[in-house]
Structure formats: structure tokens, C-alpha cells
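Please open the model in your viewer and keep the sequence panel beside it. The stops below say what to select next and what to look for there.

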Amino acid sequence: MKRKLSDRELMAFCEQMGLILKAGLPASEGIMMMKEDAKEETEIRTLYAEMYEMLEETGSLYLTLEEMSVFPDYMMQMVKIGEQTGNLDEVMTSLSVNYEREEQLMQDMKSAVTYPVIMLGMMLVILFVMLVKVLPVFNQVYEQLGSTMTGFASLLLKIGVGMQEHSEVLLVLLLLAALVLAWVFCTKKGQQLFHKISRRILGGGKIASLIGIGRFSSGMSMALRSGLDYEEAFSLVSDLMVEDEKMKDKIMTCQTRVAEGESLAKAAVQLHILNRMNGRLLQIAERTGDTAETLEKIARQTDEEITAWIQDLVAVLEPTLVAILSVLVGGILLSVLIPLMGILSSIG
């Protein structure tokens, strides 16, 4: 198996492994159970078979994951820590929650971007039909009345004729667009690119900031629950910021400040990693020894805020796109019908 596992596949693996380990079963037996449950002749079943053999040989889940080369570095490091601290079941459960969060974020992004793309596609199809099929019919009516289209209607007619003459080129462009969409939605690199573009389309700085807060809070919570100190936790969390170099730099600066004796809450707020309200909650949590749980709460609240923000955006886009389509179609029809009504009234 060459490709990296998707967030959905990682979530399922971590969730099942967490349940198996909490039940007191060895990891090798759990892998065998997962292999038997997988569909026959699939990549996942083959992967589990290879993992079982390696796990029987090494006795280490971390070494097994490392040998497979399909798991992310962050996950492997967390598994290594879980084995060293004897807390592997909790680590796997936390990883499952983390990848479920990433999968939900991706689905929200897809929903928010896919709908406008579909609407734009419908708009283009309707406009194409109007220009290529409907306007020539009106042009024939004009010719039968001894007149011709003028102004904006004439320009649209010429565009429609040009589109008909270059239909082969349009078909090739359509096929290319279909191939690009297939690559974006069906390949790992395409999905990563889609994720980056989606964040820019959906508000740039705001959505990127929320995603950064969520990943930082969730990652720190997982690391601290696994028994790591702040220095080790910061190093692991920085690996989550592969798409956000600015946030990664802030985290490394925060690590330096915390190492110098500054509180995590104060450093995170001053570096704009967390907002003031979340910083205040974290400050109280540091005093009460509830830091990991509070960070997890902040991550959940941030996820809810991202979902609500995207839903609000879609709610605004829907009527806006419908209104634009209505104006375009109405404008085309009026540019043809108003002169036509003038001709008919003069004949009458």
C-alpha cells in the first residue's frame, strides 16, 4: 500500500485500536480482528496483514506503523509516547477524536465550497443554453419582422455564435475541468490543495485562525494527557501546522517563552494563538491543574464556531447566487424582448 491513509481511515483505525486496548487485548490480536472485519482483496486488508506480521516480529506498534510508511509522523510519535508511558489506549482514543475533528473540518469545507461550485456550474449551463439556443430563435423572429438585434442583445448573439463555432474547444475544456475535479476530490495531494484553496475562499485569515486555534488546543491537550511536558508537547503540536507556517512560528516562540518561565495562557494570548477569553479560561485551568481538559474544551468550542461560521456563509451564498442568476437571465431576456415589443407595437 503506497498512499497515505485518509483522515477517515486514520480515525477508524485509532478508534478501533483504542477500544481493543481498553478491553485488555494485545495490539496484535486487535490487528488480526480488524483484518478479519475488513473486506476481502482490499488495500486495508493487505495493510493489516502486513502489520500483523510486523507486530508479531517486533512487538511494538510504533515500529510497525513506522515500517508501513502510510501513517503520519505525528501519529507515530504519539503512539511511541503511548507505548513508553503505558498509556497507549488513551493515546489511540485521543488520536481518533483528533482525526474525526480533521475529517469533519474537511467535510464542512467541501460542503461550503461544493454548493457554490454547483450553482456556478448551473449558471454557466443556463447561460450557455440562453446564448446558443434561445437567442438564435429570437434572432429569427427579428429577421422575419425585417429587423436585426442591436446593442447588448447583438453582442450576446455574437458570443453565442462564437461558442457554437468553437464547441470542440469548449468540450475539451469541460473534460479538462472534470479531470481536475476528479484529481482534487480523489487524490491526497488534490485534497490538500482543495483544503488550502477552501480556506482562502472561506474567509482567509478568520478561518485559518480558527483552524490554528483548534489544532493547537487539541494537539496540546493530547500531548499533555499522554504525560508529556510542555517542551515535548510544543514540538509535537508544531508538526500539526504543516499548512500554516505563521502559526508554527508562533508556537515555537510560545515554546521559548514558556521555557523561560512565562505561563502558557499569557504567552498564547500575547502571540495571538488564543483569544483573550480562551486565554482567561486556560489561565484558571493552569492554576487548578485542569489544563489538558480545558484545552480540549477550547478545541471543541472552536470546532463549533468553525461549523457555525461556514453554515452562515453558505446561508448567505445561496440567495446571493440565485439572485445573480435571476438578474443575468432576466437581463438577457429583457435586452431581447423590450426592442421586440417596440417593433411589434410599431407594426401594429
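**First stop: a tryptophan in α8**

Select W183, which counts as partly exposed at a relative accessibility of 38%; keep in mind throughout that this is a predicted model. W183 has its place in helix α8, which covers residues 167-186. If you then add I251 to the selection and draw a line between the two C-alpha atoms, W183 and I251 turn out to be 33 Å apart in space, with a separation of 68 residues in sequence.

**Second stop: α11 against α12**

I251 leads on to the next selection, since it is one of the residues of α12 that make the contact with α11. Show helix α11, residues 230-238, together with helix α12, residues 245-259: the two pack with their axes 10 Å apart and at an angle of about 175°. An angle over 145 degrees counts as roughly antiparallel, and α11 is therefore roughly antiparallel to α12. To display the side chains of this contact, select Y230, E231, F234, S235, V237 and S238 on α11, and K248, I251, M252, C254, Q255 and V258 on α12.

**Third stop: α1 and α2**

Move now to α1 and α2, whose axes come within 10 Å and cross at roughly 130°. This angle makes α1 oblique to α2, and the crossing of the pair is right-handed. On the α1 side the residues to select are F13, Q16, M17, I20 and L21, and they meet A27, G30, I31 and M34 of α2.

**Fourth stop: α3 and what covers it**

Keep α1 and α2 on display and add α4 (61-68), because these three helices are among what covers the buried residues of α3, buried here being under 20% relative accessible area. Helix α3 itself takes in residues 43-58, 16 residues in number, and reaches 22 Å from its first C-alpha to its last, close to the 22 Å expected at 1.5 Å a residue. Which residues of α3 are buried? They are L47, Y48, M51, M54 and L55. Turn the view until you look down the axis of α3, and these buried residues fall within an arc of 130°, so that they line one face of the helix. An α-helix has 3.6 residues a turn, so residues three or four places apart point the same way. The face of α3 turned away from the buried side carries E53 and E57, both of them exposed. Just after α3, select G59, which takes a positive phi of about 75°.

**Fifth stop: the loop between α4 and α5**

Two residues of the loop between α4 and α5 deserve a selection of their own. S69 lies in this loop and is partly exposed, with a relative accessible area of 47%; its phi is near 60°, a positive value in a residue other than glycine. Most residues other than glycine have a negative phi. P72 lies in the loop between α4 and α5 (73-85) as well, and it is partly exposed, with a relative accessible area of 24%. Leaving aside the neighbours within four places in sequence, P72 is in contact with L10 and Y99. If you select E9 too, the C-alpha atoms of P72 and E9 are 12 Å apart, although 63 residues separate them in sequence.

**Sixth stop: S96 in α6**

Helix α6, residues 88-144, is where S96 has its place. Is S96 buried or exposed? At 7% relative accessibility, S96 counts as buried. Not counting residues up to four places away in sequence, S96 touches M11, C14 and E15.

**Last stop: from H272 to α14**

Select H272 in the loop between α13 (264-270) and α14 (276-288). H272 has a positive phi of about 60° although it is not a glycine, and at 60% relative accessibility it counts as exposed. From there go on to α14, whose 13 residues should span 18 Å at 1.5 Å a residue, in agreement with the 19 Å between its end C-alpha atoms. The buried residues of α14 are N278, G279, L282 and A285; seen down the axis of α14, they fall within an arc of 120°, so they line one face of the helix. On the other side of α14, finish by selecting R276, M277, R287 and T288, which are exposed.

Technical notes
Residues numbered from 1 in each chain as written. Predicted model: local features only at pLDDT ≥ 70, side-chain atom pairs only at ≥ 80, totals over all residues. Heavy atoms only, no water. Helix = DSSP H or I, 4+ residues; strand = E, 2+ residues; numbered from the N terminus. Expected span 1.5 Å × (residues − 1). Buried < 20%, exposed > 50% of the residue type's maximum accessible area, 1.4 Å probe, protein only. Arc of directions from axis to C-beta. Contact = heavy atoms within 4.5 Å. Axes fitted to C-alpha atoms, helices over the stretch in contact; angles between N-to-C directions. Parallel < 35°, antiparallel > 145°, perpendicular 65-115°, else oblique. Left-handed = near helix turned anticlockwise from the far one by under 90°.
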